[in-house]
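Trainee: I should like to learn how the features of a protein model are read. May we work through one together?

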Amino acid sequence: QVQLVESGGGLVQPGESLRLSCAASGSIRSIGAMAWYRQTAGKQRELVAEIRSGGNTDYADSVKGRFTISRDNAKNTVYLQMNSLKPEDTAVYSCNAFIQVPFGTWKLYWGQGTQVTVSS
């Protein structure tokens with residue numbers, strides 16, 4: 001079984017920083033693209049940032065220049081460094097990853113989500 005587990009969420013004040021982590025574990029042969037999404041009540045889930053296996057990245061316009069996505073392939077982990085946080089960044093953040101399991105099957109896996117609240 002493959003699992004993605006996020007950590008690092010919490011309550012911070014505007015202008016502060018947080019670092020989210022998402023670690024994949026289980027029977028993993030290879031990991032492709034990894035990404036962070038966020039969702040607030042009543043809104044559609046939106047892509048925050050994505051990093052492909054080669055290291056190329058994409059960001060939502062709303063977080064460009066403030067958030068940085070990175071990955072540690074040796075640890076099967078993706079990170080999201082969030083700086084200059086704003087109240088509108090408040091959401092449940094979830095990670096996903098395309099993972100190849102033994103015998104060659106690729107599948108998209110999701111973590112359970114972690115709450116980020118930005119408030120004074």
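Mentor: The discussion that follows takes up a sheet, a core, two loops and some rings in turn. Please bear in mind that this is a predicted model.

Trainee: Let us begin with the sheet. What is the order of the strands in the open sheet?

Mentor: One reads a sheet by asking which strand lies beside which. Here the open sheet has four strands in the order 1-3-8-7, and their pairing is antiparallel. From one strand to the next, the twist averages 15°.

Trainee: Which strands stand at the edges?

Mentor: Strand 1, residues 3-7, and strand 7, residues 67-72, hold those places. Each has a single partner strand, so one side of each is left without a neighbour in the sheet.

Trainee: How many bridges join each pair of strands, beginning with strand 1 and strand 3?

Mentor: One follows the sheet from one edge to the other. Strand 1 pairs with strand 3, residues 18-25, over five bridges in the antiparallel sense. Within this pairing, glutamine 3 has serine 25 of strand 3 as its bridge partner. Strand 3 then pairs with strand 8 over six bridges, again antiparallel, and serine 21 stands opposite tyrosine 79 in strand 8. Finally, six bridges join strand 7 to strand 8, which also run antiparallel; there, threonine 68 stands opposite glutamine 81 of strand 8.

Trainee: Is strand 8 mostly covered or mostly uncovered?

Mentor: To judge this, one looks at the accessibility of its residues. Strand 8 is mostly covered, with five of its six residues buried.

Trainee: Which residues have the most contacts inside the largest nonpolar core?

Mentor: A core is read by its members and by the elements that supply them. The largest nonpolar core here has 30 residues, and those with the most contacts inside it are Trp36, Leu80, Met82, Tyr93 and Ile99. At least two residues of this core come from each of strands 3, 4, 5, 7, 8, 9 and 11. The largest share, five residues, is supplied by strand 9.

Trainee: With which residues is leucine 80 in contact, leaving aside its neighbours within four places in sequence?

Mentor: Leucine 80 touches several parts of the chain; among its contacts are Leu18, Leu20, Trp36, Val48, Phe67, Ile69 and Tyr93.

Trainee: I now turn to the backbone. Which residue takes a positive phi in the hairpin of strand 7 and strand 8?

Mentor: One checks the sign of phi and the type of residue. The hairpin has four residues between its strands, and asparagine 76 takes a positive phi near 55° there, although asparagine 76 is not a glycine. At 24% relative accessibility, asparagine 76 counts as partly exposed, because buried means under 20% and exposed means over 50%.

Trainee: Where is serine 84 found?

Mentor: Serine 84 is found in the loop between strand 8 and strand 9. Its phi is near 50°, a positive value in a residue other than glycine. With a relative accessibility of 41%, serine 84 counts as partly exposed.

Trainee: Our last topic is the rings. Over the face of which residue does arginine 19 lie?

Mentor: Here one notes the ring and the distance to its centre. Arginine 19 lies over the face of tyrosine 79, at 4.0 Å from the ring centre. Tyrosine 79 is also the residue opposite serine 21 in the sheet. Elsewhere, arginine 45 lies over the face of tryptophan 110, at 3.9 Å from the ring centre.

Definitions and conventions:
Residues numbered from 1 in each chain as written. Predicted model: local features only at pLDDT ≥ 70, side-chain atom pairs only at ≥ 80, totals over all residues. Heavy atoms only, no water. Pairing = 2+ DSSP bridges. Axes fitted to C-alpha atoms, helices over the stretch in contact; angles between N-to-C directions. Core = buried A, V, L, I, M, F, W, Y, C linked by side-chain atoms within 4.5 Å. Buried < 20%, exposed > 50% of the residue type's maximum accessible area, 1.4 Å probe, protein only. Contact = heavy atoms within 4.5 Å. Lys NZ or Arg CZ within 6 Å of the ring centre and 35° of its normal.
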